[in-house]
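Got your viewer open? Load the model, switch to cartoon view, and let's walk through it one selection at a time.

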Amino acid sequence: MSGKILFEGVAPVSQDAKAVEAWARVMNMPNTRADIIRLTEGKALVRSRDGSKYYFTTATTCTCPAGQFGKECRHKKMVRAAFTEPKPAERRSFKPDGWD
Ligand SMILES: [Zn+2]
C-alpha cells in the first residue's frame, strides 16, 4: 500500500483516482473504472469529469468544488440514482373520477 488513506476513519475528502483504482483492485471490486463506486449505503466515490480524482459523495454532500458550497452537482445526482431503486411508473391520482 502506498500509505494513502482513502476514506475510512478520516473526514471524507476527494481522492486521487489512481489511489481509488488501486484500492478497488485490492478490494476485488469489479467496477474499478466505473464513474461511481458504491461504498456503504448512501455513500460513494464519484469520478471527476476529467478522471483525475474521485469525490466522496452522498445524496446530499459532495467534496467537489460545487458541492463544497452546498450546490447541486452531477455527482450527488449520480449517487441518488445509484442508490435509489428504480421508481415504479408515475402514480396516477388515487382520487376517484369526479372527486375534484
Ligand atoms: Zn459534486
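Here's a short tour, from the overall fold down to single residues.

**Stop 1: the whole chain.** Keep in mind that this is a predicted model. Color by secondary structure and you should find 3 helices and 4 strands. Going along the sequence, they come in the pattern β-α-β-β-β-α-α. Of the 100 residues, 21% count as buried.

**Stop 2: the sheet.** Select the strands. They make an open sheet of 4 strands, ordered E1-E4-E3-E2, with antiparallel pairing. At the edges sit strand E1 (15-16) and strand E2 (36-38), each pairing on one side only.

**Stop 3: E2 and E3.** Select 36-38 together with 43-47. This antiparallel pair is held over 3 bridges; look for isoleucine 37 opposite leucine 45 in E3. The hairpin leaves 4 residues between the two strands, and glycine 42 there has a positive phi near 85°. E3 itself is mostly covered, with 4 of its 5 residues buried.

**Stop 4: E3 and E4.** Now add strand E4 (53-58). E3 and E4 run antiparallel over 5 bridges. Click on lysine 43 and its bridge partner in E4, threonine 58, then on arginine 47, which stands opposite tyrosine 54. The hairpin between E3 and E4 has 5 residues, and glycine 51 in the turn shows a positive phi of about 75°.

**Stop 5: tyrosine 54.** Stay in strand E4, where this residue sits. Is tyrosine 54 buried or exposed? It counts as buried because 28 other C-beta atoms lie within 10 Å, and the cut-off for buried is 20 or more. Leaving out residues up to four places away in sequence, tyrosine 54 touches Ser14, Gln15, Ala17, Val20, Leu45, Val46, Arg47 and Ser48. Put a distance label on the C-alpha atoms of tyrosine 54 and isoleucine 37: they are 17 residues apart along the chain and separated by 9.1 Å.

**Stop 6: the core.** Show side chains for the largest nonpolar core, which has 12 residues: Val20, Trp23, Ile37, Ala44, Leu45, Val46, Tyr54, Tyr55, Phe56, Cys62, Cys64 and Val79. Helix H1 (17-26), strand E3 and strand E4 each supply at least two of them.

**Last stop: cysteine 62.** Select this core member and its surroundings. Not counting residues up to four places away in sequence, cysteine 62 touches Tyr55, Thr57, Gly67, Cys73, His75 and Lys76.

How values were computed. Residues numbered from 1 in each chain as written. Predicted model: local features only at pLDDT ≥ 70, side-chain atom pairs only at ≥ 80, totals over all residues. Core = buried A, V, L, I, M, F, W, Y, C linked by C-beta atoms within 7 Å. Contact = placed C-beta atoms within 7 Å. Pairing = 2+ DSSP bridges.
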